Structures are given as structure tokens and as C-alpha cells.
Amino acid sequence: RSKGGFPGGEPRKHAPAAAGVPGFKLVLSGELAEDLVIGPEKSPALVRGILLVPAGRTLALKPGASITLLPDPEGQAPAKPGLPDPRAEGQVWVVGRLACEDARISGGPSGGKLYLYGRETSELRGAKLDKLAIAQTAGAAHWLGCAFQDSEHYALASGAAVFIHCTFERCGGLLAAYDAGPWALMAAGCAFEACREGLVIGSNPGDECLIFRKNALANTRGANLRAHPASSGKRAAWLET
């Protein structure tokens, strides 16, 4: 990250594009300079390249709102290899907070990426998410009645993620197979249909830190549950599928 925490380069402050993009009412890129609320009157909205929600800021999506994440063909190449490339896919980096109610976030034809990197709590209710690769490394994310379709994965490296009555169709799976820090995960009353994997864990987070209860898994191409050996000696987590 560069100065200010922006991945891949110094950001522009948020402003709608002067000429706009056909088919979109709002175009976003760079860093949010203030809290932003998007409703149906500003939709469909476009994230072009990379959008950063910095610490202390909130991106809120109201019922009927929609955002599509697309690459920026005119974006700058990353300063170093391995840094995010805005020309490759649309990306939203949430260091602050994401709030969503009955709205849609799409990765577009080629897929996009959503990163939850802050210490704050994001909450999404009734959100529809498609063609997204989602990664979380800190904070807490509450997913309530959300629908994931054709999403590459939900990768939980650290932090806490809660999924209640969510659906996953043709997704990569819930992956908690990393060693980046403490993590906790709850999935209850969720449905997994035709996913590559169900739940993949790589460590034992300890008692009451992993709850996978009353979920339905059908037509999984890999394993419903894939657990790597844990050597921490912590008590077993609660798994009830």
C-alpha cells in the first residue's frame, strides 16, 4: 500500500467522471473523501478501476441501488509487481465500513473483487452479489439474507464473518484456510448449491469461534467440508451441517 493506505498508488479523491460513462448515472474511482450514500436515483453506479473506502468513511447502498465493478482501461499500471491493477478488474477496498440493504453488487462480465480490510463492522442485508471474489482480513462482516452467485470465493484470512440465511450458487466456497491472524466464522441456515467447495478450514479457531449449523449443501463439486490438520491443541469447533 502507498501513503494513506491506498493499494497500488496515490488515489484521486472521489468525484463523478466529468463525461460519465454511457449506461451509468454515477462513476466512482479513487478514494472516498466523505461518506457516500447510493440509492436507486444514482443507480446504476460504476466503480471504474479501484475504489477505496478509507477508515472512518462509509459507503452505503440503499434498497434498489446497484453497483457494477469494471476495469479501468485508462488506469495507471501498479508501481510494483503484485499490487492491484485497476486495468485488470474492478475492485472495492473497504478499510472503513460498507452498509448495504436490498442492493446489488456485480463484478461485471469478467468478475470483480471486494476486499474488507478495516477494523470496523460492515453489515449487508438482502444484498445480491454476483461474480465477485471476496476477501476479509480484519474487522467484522455481517451477511444477513444475502445471495451470492458465481462468486469465486469468500476468503476469510482473519476477522469475523457471520452468514445467516444466505444462499451460495455456483460459488467457490467459504475459505478459512489461512494463517493471517485470529478468525471466527458463523454460517447458519444457509444453502449451498453447485459450489466448488463448501467450507474449507486450515486451522482450529477454538471453541465457539466456528459455527456451521443447519446448512444445506447440494451438488458440491468438491468436499462439503475440507479440514486441514490443526496442531494448536485447541478444542474442537462446533460443526453441525
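## Reading the strands, cysteines and salt bridges

Student: Val37 stands opposite Ala60 in S4; what makes strand S2 and S4 a pair?

Tutor: This is a predicted model, in which local features need pLDDT of at least 70 and side-chain atom pairs count only at pLDDT 80 or more, whereas totals for chains, interfaces and linings use all residues. Residues are numbered from 1 along each chain as its sequence is written, and side-chain values use heavy atoms, with hydrogens and water left out. Two strands pair if DSSP finds at least two bridges between them; strand S2 (residues 36-38) is joined to S4 by three bridges, so the pair meets the rule, and the two strands run parallel. Strand S7 (residues 97-101) also pairs with S4 in the parallel sense, over four bridges, and here Leu61 stands opposite Cys100 in S7.

Student: Which residues of S4 point one way and which the other, and are they buried or exposed?

Tutor: From strand S4 (residues 58-61), Thr58 and Ala60 point one way while Leu59 and Leu61 point the other way, and all are buried. Buried means under 20% relative accessible area, exposed means over 50%, and partly exposed lies in between (1.4 Å probe, protein chains only). In a regular strand the side chains alternate between the two faces of the sheet.

Student: How many helices and strands does the protein chain have?

Tutor: The count is zero helices and 25 strands, where helices (H or I, at least four residues) and strands (E, at least two) are DSSP runs numbered from the N terminus. Of the 241 residues in the chain, 49% are buried.

Student: Why is Cys100 not called part of a disulfide with Cys146?

Tutor: A disulfide is a pair of cysteine sulfur atoms within 2.5 Å, but the sulfur of Cys100 lies 6.8 Å from the closest cysteine sulfur, that of Cys146, which is too far for a bond. A search of the whole structure likewise finds zero disulfides. As to exposure, Cys100 has 5% relative accessibility and therefore counts as buried, whereas Cys209, with a relative accessible area of 25%, is partly exposed.

Student: What makes the contact of Asp130 with Arg104 a salt bridge?

Tutor: The term requires a side-chain nitrogen of Lys or Arg within 4 Å of a carboxyl oxygen of Asp or Glu; the closest N and O atoms of Asp130 and Arg104 are 3.3 Å apart, so the pair qualifies. This pair links distant parts of the chain, with Asp130 in strand S11 (residues 128-130) and Arg104 in strand S8 (residues 104-106), 26 residues apart. Asp130 counts as buried because its relative accessibility is 14%, while Arg104, at 35%, counts as partly exposed.

Student: How many salt bridges does the rule give, and which residues are linked in a network?

Tutor: The count comes to eight, and Asp150, Glu169 and Arg170 are linked in a network. Arg170 and Asp150 meet at 2.8 Å, N to O; they link distant parts of the chain, since Arg170 is in the loop between strand S17 (167-169) and strand S18 (174-176) and Asp150 is in the loop between strand S14 (147-149) and strand S15 (153-156), 20 residues apart. Arg170, at 40% relative accessibility, counts as partly exposed, and Asp150, at 33%, also counts as partly exposed.

Student: Why is Glu197 called buried and Arg226 partly exposed?

Tutor: Glu197 has 14% relative accessibility, so it counts as buried, whereas the 35% relative accessible area of Arg226 makes that residue partly exposed. Their side chains meet in a salt bridge of 3.0 Å, N to O.

Student: What is Lys113 in contact with, leaving aside its neighbours within four places in sequence?

Tutor: Contact means heavy atoms within 4.5 Å, and Lys113, found in strand S9 (residues 112-116), is in contact with residues including Leu69, Glu89, Val92 and Leu132. Lys113 and Ile134 are 21 residues apart in sequence and 5.9 Å apart in space, C-alpha to C-alpha.

Student: Where is the pLDDT below 50?

Tutor: pLDDT is the predictor's confidence in each residue, from 0 to 100; the protein chain averages 88, and 87% of the residues score at least 70. Over residues 1-6 the value is below 50, and this stretch has 13 contacts in the model beyond near neighbours in sequence. Residues 232-236 are also below 50, with nine such contacts.
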